[in-house]
Amino acid sequence: MKTQLFIADSVLVFSLSAPLPAAQLVDYDFDDSTPSASAVAAHLTASGITGGSGISVFAYKPGNPDTGLALSATKWTTSATYDPNDYFEVTLTPATGYQLTLSNFQVDARRSDTGPQTWELRSSVDGFGTVLGSETLPISSDFYPAQQLSIPKAYANLDSAVTFRMYGYGASGTLGTGTLRIDNLIIDGEITPVPEPAGWFVLAGLVLLGSPAAVRVFRRT
Ligand SMILES: [Ca+2]
Ligand SMILES: [Ca+2]
């Protein structure tokens, strides 16, 4: 029992004194037939995968590997450019007092014969205005594994929710039955405590030293 307590104390001290290493923040494998995350970092909330109003029929089909499952949807636009309503979406929200730095988005994607031939990634950071990366799926019915899109360095120290959308487009056929299937969606980065404002450290230091100036500040407030 003493050993267990010692380990717990060590973990606590580490988490307070050093930022978490850059690592995986969230993973979706869909193997339990739900759109929920299969693993989420501490101090982070990850939404389930949802779809825009322009897509339909969420289903769970053989994944990568096919001993597991993937998430599939229909009604992707046949346009050669993205439709603002045709997307998979995921939202990451840091806990109060924590901030997100994002580095990499990766996913295994597969289309059916008449499914979308391209998908692109955008985010709420700029109102879904910029394409962060894209992938073409030239052959149907094959998974294109672990397409990795690096996230711009501007995605650092975010203290509020971030939403990513995968827009699929360029489907063929007009019935909308073509599918885009995704598996092993992983977002990398780190989540760290928001630093205390520097002014508080100065003031706290003055108080600890018994500074008359600090005492005056406290008396006025
Ligand atoms: Ca899977
Ligand atoms: Ca659509």
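**Notebook: contacts around A109**

I began with the contacts: among those with a separation of 6 or more, 73% join residues 24 or more positions apart. Here two residues are in contact if their C-beta atoms, placed from the backbone, lie within 7 Å.

A note to myself on the source: this is a predicted model, where local features need pLDDT of at least 70, side-chain atom pairs count only at pLDDT 80 or more, and totals for chains, interfaces and linings use all residues. Residues are numbered from 1 along each chain as its sequence is written, while chains are lettered from A and ligands numbered from 1 in the order in which they are written.

Next I looked up the overall make-up. I found 3 helices and 13 strands in the chain; these are DSSP runs (helices H or I, at least four residues; strands E, at least two), numbered from the N terminus.

Then I picked A109, which is in strand 8 (residues 98-111). Is A109 buried or exposed? A109 is buried, because 28 other C-beta atoms lie within 10 Å. The cut-off for buried is 20 or more such atoms, for exposed 12 or fewer, with partly exposed in between. Across the chain, 30% of the 221 residues count as buried.

I also checked what A109 touches: beyond residues up to four places away in sequence, its contacts are W119, E135, L137, Y144, Q147, L180 and I182. P145 is 36 residues from A109 along the chain, yet their C-alpha atoms are 6.6 Å apart.

Last, I followed I182. Leaving aside neighbours within four places in sequence, I182 contacts A109 as well as A70, L71, F88, V107 and D108.
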